[in-house]
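I opened my notebook to record what I looked up in this structure. I wanted to begin with the aromatic rings and then turn to a sheet.

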Amino acid sequence: MSCSCNSCSNKIAFCTSSINLFKDLPMEVQAHIVSNVTHFEANANQIIIREGQKAEHMLIIREGKVKLNKFDSEGKEYILDILISGDTIGEDSFMQKELFDYNVETLSHSKFCQISKKQILDLVYENSQFAVSFVELLCKKLTTSNDKINLLMSSSAYKRIVTFILERDQRLNGKPISLTVDDIAASTNLRRETVSRKLRDLQKDNVIKRTGQKKLEIINRKKLFDIFYEN
């Protein structure tokens with residue numbers, strides 16, 4: 001078995017043990033998985049997948065944070081999602097998609113597991129437990145995409161930002177949100193100045209607390225939900 005990550009060299013637990021998609025699989029199945037994956041690392045601000053690249057594998061983020069983005073003809077960036085440790089990239093390619101239709105760029109030093117599409121499909125066919133988990137993952141990603149569309153359809157900039165913050169809060173289980181104003185602006189399709197102004201309003205009303213350029217903490221979730229449910 002060949003695996004370069006510290007968890008797997010332990011021989012008691014594998015890197016897959018911390019990944020939702022694999023953690024409930026028998027250890028012998030996890031051992032087989034890690035013996036056939038490629039591990040690699042990337043520094044911050046590095047593009048590891050480019051739009052139009054052939055989708056032949058799925059990536060699992062072991063550590064770090066990345067963004068999925070696209071650029072329009074004028075070079076404006078649109079952030080489709082921001083992913084963290086334990087998240088996966090490329091599972092949508094199993095839906096008859098041959099090419100990645102987005103870029104993947106690291107936001108911090110990150111570590112990845114790369115698994116071929118063939119190996120994933122073999123697991124789906126051979127292990128019913130994994131097949132159920134994989135279908136659940138696809139459904140979750142579809143729901144996230146629909147939520148993103150609904151967010152961008154809102155005419156209220158204030159509500160877009162609040163919705164985005166609540167969505168990130170849910171995915172991080174209440175942990176501080178580490179995103180720049182530019183990240184939030186590109187994720188909500190709003191001007192940077194608009195986002196900055198609305199965040200100041202939320203902080204002034206003691207709904208959120210911002211520390212530095214990136215850290216955002218929610219102080220009053222009830223107020224955020226009140227804004228979210230306003231007509």
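**Aromatic rings and a sheet**

I first noted that Phe 225, Phe 228 and Tyr 229 form one aromatic cluster, and I kept in mind that the model I was reading is a predicted one. Beside this I wrote that the charged end of Lys 159 sits over the ring of Phe 228, at 6.0 Å from the centre of that ring.

I then looked up how many aromatic pairs there are, and the count comes to 5. Among them is the pair of Phe 40 and Phe 112, which is stacked, with 5.0 Å from centre to centre and 20 degrees between the planes. This pair links distant parts of the chain, since Phe 40 lies in strand S1 and Phe 112 in strand S8, 72 residues apart. Is Phe 112 buried or exposed? I found that Phe 112 is buried, with a relative accessible area of 0%, whereas Phe 40 is partly exposed at 24%.

The ring centres of Phe 130 and Phe 134 are 6.0 Å apart and their planes stand at 15 degrees, so I entered this pair as stacked too, the limit being under 30 degrees. Both residues lie in helix H4, 4 residues apart, which is about one turn of the helix.

For the sheet, I wrote down that 4 strands form an open sheet in the order S2-S7-S4-S5, with antiparallel pairing. Strands S2 and S5 stand at the edges with a single partner strand each, so one side of each is left without a neighbour in the sheet. I also noted that S2 and S7 pair over 2 bridges, and that the bridge partner of Ile 47 in S7 is Glu 105.

Key
Residues numbered from 1 in each chain as written. Predicted model: local features only at pLDDT ≥ 70, side-chain atom pairs only at ≥ 80, totals over all residues. Heavy atoms only, no water. Pairing = 2+ DSSP bridges. Phe/Tyr/Trp six-rings, centres within 6.5 Å; stacked < 30°, edge-to-face > 60°. Buried < 20%, exposed > 50% of the residue type's maximum accessible area, 1.4 Å probe, protein only. Lys NZ or Arg CZ within 6 Å of the ring centre and 35° of its normal.
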